[in-house]
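Q: Please take a close look at one part of this structure. I want the core and what is packed around it.

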Amino acid sequence: CFPQIFDAFKPRLHDSNSKVNQVALEAMHKMIPLLKDHLSPVINMLIPAIVDNNLNSKNPGIYAAATNVIQALCQHLDTSLLLQPLCTKAQFLSGKAKQDLTEKLA
């Protein structure tokens, strides 16, 4: 059941409507402390949805929300769960997103 919920939620994390996108990121930020390591089955799906486009967004609200989500993941999840998906994303990013993710990994 849990993965199906995030299968439906994931498209909102990179919705073409910036307001929907931002609200989804803000909702994700609120969910992380509640769900913590229960997110492990969906973390490989969530990281790309959170990072792609959002960390390089020119919209300051989306960028800030995405940064907050990454910070919350680092604070509330076992870092061993995050290492592989974040490293994989960092390899293929460019610009500010690559810099931000590399700093988080360090």
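A: The answer starts with the core, moves out to the helices, and ends in the loops.

First, the ground rules. This is a predicted model, in which local features need pLDDT of at least 70, side-chain atom pairs count only at pLDDT 80 or more, and totals for chains, interfaces and linings use all residues. Residues are numbered from 1 along each chain as its sequence is written, and side-chain values use heavy atoms, with hydrogens and water left out.

Now the core. The largest nonpolar core has 32 residues. A nonpolar core is a set of buried Ala, Val, Leu, Ile, Met, Phe, Trp, Tyr and Cys residues joined through side-chain atoms within 4.5 Å. Buried means under 20% relative accessible area, exposed means over 50%, and partly exposed is in between (1.4 Å probe, protein chains only). Which members touch the most other members? They are Phe6, Leu13, Met28, Leu39, Ile50 and Leu73. Two or more residues each come from α1 (2-9), α2 (18-35), α3 (43-51), α4, α5 (79-92) and α6. Helices here are DSSP runs (H or I, at least four residues), and strands are too (E, at least two), numbered from the N terminus. There is a general pattern behind such a core: in soluble globular proteins, nonpolar side chains tend to be buried together.

Take Phe6. Skip residues up to four places away in sequence, and Phe6 touches Met28, Met31, Leu35, Leu39, Val42, Met45 and Leu46. Contact means heavy atoms within 4.5 Å.

Next, go to Ile32. Ile32 sits in helix α2. Its relative accessible area is 0%, so Ile32 is buried. Set aside neighbours within four places in sequence, and Ile32 is in contact with Leu39, Val69, Ala72, Leu73, His76 and Leu77. Ile32 and Ile70 are 38 residues apart in sequence, yet their C-alpha atoms are 9.9 Å apart in space.

Now α3. Seven of its nine residues are buried, so this helix is mostly covered. The buried ones are Ile43, Met45, Leu46, Ile47, Ala49, Ile50 and Val51. What covers them? The cover includes α1, α2, α4, α5 and α6. Ala49 is a good residue to click on. Ala49 belongs to α3 and is buried, with a relative accessible area of 2%. Beyond four places in sequence, Ala49 touches Lys10, Leu13, His14 and Asn54. Ala49 and Ala24 are 25 residues apart along the chain, and their C-alpha atoms are separated by 11 Å.

Then look at how the helices pair up. Two packed helices are described by the angle between their axes and the distance between the axes. Axes are lines fitted to C-alpha atoms, for helices over the stretch in contact, and angles run from 0 to 180 degrees between N-to-C directions. Angles under 35 degrees count as roughly parallel, over 145 as roughly antiparallel, 65 to 115 as roughly perpendicular and the rest as oblique.

Start with α4 (residues 60-76) and α6 (residues 95-105). Their axes come within 11 Å and cross at roughly 20°. That makes α4 roughly parallel to α6. On the α4 side, the contact is made by Tyr63, Ile70, Gln71 and Cys74; on the α6 side, by Lys96, Asp100, Leu101 and Lys104. By class, that gives four nonpolar, one polar and three charged residues. Ala, Val, Leu, Ile, Met, Phe, Trp, Tyr, Cys and Pro count as nonpolar, Asp, Glu, Lys and Arg as charged, and the others, Gly among them, as polar.

Now α5 and α6. Their axes come within 9 Å and cross at roughly 150°. They are therefore roughly antiparallel to each other. Leu83, Leu86, Cys87, Lys89, Ala90 and Gln91 in α5 meet Lys98, Leu101 and Leu105 in α6. This contact has six nonpolar, one polar and two charged residues.

Last, the loops. Most residues other than glycine have a negative phi, and most peptide bonds are trans. Lys36 has a positive phi, near 40°, and is not a glycine. Lys36 is in the loop between α2 and α3 and is partly exposed, at 41% relative accessible area. Asn53 also is not a glycine, and its phi is positive, about 70°. Asn53 lies in the loop between α3 and α4. Is Asn53 buried or exposed? At 61% relative accessibility, Asn53 counts as exposed. Asp52 lies in the loop between α3 and α4 and is partly exposed at 28%. The C-alpha atoms of Asp52 and Ala97 are separated by 8.6 Å, with their positions 45 residues apart along the chain.
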